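Q: I would like to learn how to read the pairings, packing and burial in a model of this kind. Could you take me through them one feature at a time?

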Amino acid sequence: MNAIILAAGEGKRLRPLTEDKPKCMIDLFGKPLIQRQIETFQACGINDISIVTGYCEDKITFDNVRYFRNYKYATTNMVETLFCAKNAIKDSTLVSYGDIVFENNVLKKLIEATDDMCVVVDKDWYKYWKIRFTNPLDDAERLVLDNDGYITNIGQKVTNTKQIMGQYIGLMKFQKNGVHILKDFYERTKKHASSGINPLNSNLPFEKSYLTDLLQGLILDGRKIKSVLINNGWLEVDTIHDYEVYNHLKEEMKLHEFFMLDK
């Protein structure tokens, strides 16, 4: 099993912290975000780690890690960043956004999941979103599960919480036949998009597609994507406000309500 960390983003909403480094290198509680991720992967036995860089790629310098680069990071999004590391998508591959941290137990649940395509979903999302946003619905997206825990809808904006059964955290796994399905679907949809219409999201050019667009496209293509359910245990650092909130929680000794800091 191996891991790919998507760390090409500029992190404009985290300026001035990202003026001279990528968002994954922001220091959170004494360590860069991506260092915490690498250590979590290694603690769970994942030592084959690849990082897709882009903005300020020279600032990401870890030993025993394979690097890929998204040279078009300024004009592309997560789908294209992932497929810059296409050769690292192997028999069983974990994929993670570079601006999150997660507890070992969260990663272990994903590692143990047996479905071909699995996505970590936070069931207790509303509690976490409330500390980050005045109105959680300003940022939250639709995520609907069937009775067996498979995702039937993901990624669209919503107007009420009834359409949200959890939130996608940016951590997933593709294995066995799921690897072939993923690569084939990407190539097919990219070829289709060359005609001028993006089948993943008609509101965006293909190169700007989000990973949730890709996941929803797979679902509409008849593919099964299993949710791996958690109750908090992770943090996303997307804005300056996020950064300030987490440091305040740590000062108030309340961080453990959302994320257990090992060291």
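Q: What do aspartate 221 and arginine 223 form, and how far apart are the closest N and O atoms?

A: Side chains of opposite charge can pair when their charged atoms come close. Here aspartate 221 and arginine 223 form a salt bridge whose closest N and O atoms are 3.7 Å apart, the term being reserved for a side-chain nitrogen of Lys or Arg within 4 Å of a carboxyl oxygen of Asp or Glu. Aspartate 221 is partly exposed at a relative accessible area of 33%, and arginine 223 is likewise partly exposed at 33%, where buried means under 20% relative accessible area, exposed over 50% and partly exposed in between, with a 1.4 Å probe and protein chains only. Elsewhere, Arg13, Lys23, Asp99 and Asp238 are joined into one network by salt bridges that share partners. This is a predicted model, in which local features need pLDDT of at least 70 and side-chain atom pairs count only at pLDDT 80 or more, while totals for chains, interfaces and linings use all residues. Residues are numbered from 1 along each chain as its sequence is written, and side-chain values use heavy atoms, with hydrogens and water left out.

Q: How many salt bridges does the structure hold, and which parts does the pair of glutamate 187 and lysine 86 tie together?

A: The structure holds 16 salt bridges, and one of them joins the side chains of glutamate 187 and lysine 86 at 3.7 Å, N to O. Because glutamate 187 lies in helix α5 (residues 177-193) and lysine 86 in the loop between α2 (78-83) and β6 (92-97), the pair ties together parts that are 101 residues apart in sequence. Helices here are DSSP runs of H or I with at least four residues, and strands are runs of E with at least two, numbered from the N terminus. Glutamate 187 is partly exposed at 39% relative accessibility, and lysine 86 is partly exposed at 33%.

Q: At what angle do α5 and helix α6 pack?

A: Axes are lines fitted to C-alpha atoms, for helices over the stretch in contact, and angles run from 0 to 180 degrees between N-to-C directions. For α5 and α6 (residues 211-220) the angle is about 105°, with the axes 11 Å apart, which makes α5 roughly perpendicular to α6, a label for angles of 65 to 115 degrees. Ile181, Leu182 and Phe185 of α5 meet Leu214, Gly217 and Leu218 of α6 in this contact, contact meaning heavy atoms within 4.5 Å. Its residues divide into five nonpolar, one polar and no charged; Ala, Val, Leu, Ile, Met, Phe, Trp, Tyr, Cys and Pro count as nonpolar, Asp, Glu, Lys and Arg as charged, and the others, Gly among them, as polar.

Q: Is strand β8 buried or exposed, and which strands does β8 pair with?

A: In a regular strand the side chains alternate between the two faces of the sheet. In β8 (residues 117-122), Met117, Val119 and Val121 point one way and Cys118, Val120 and Asp122 the other, and all are buried. Six of the six residues of β8 are buried, so the strand is largely enclosed by the rest of the structure. Two strands pair if DSSP finds at least two bridges between them. β8 pairs with β11 (residues 167-175) in the antiparallel sense over five bridges, with tyrosine 168 as the bridge partner of valine 121. Five bridges also join β8 to β12 (residues 226-230), and these strands run parallel, aspartate 122 standing opposite isoleucine 230.

Note on methods:
Angles under 35 degrees count as roughly parallel, over 145 as roughly antiparallel, 65 to 115 as roughly perpendicular and the rest as oblique.
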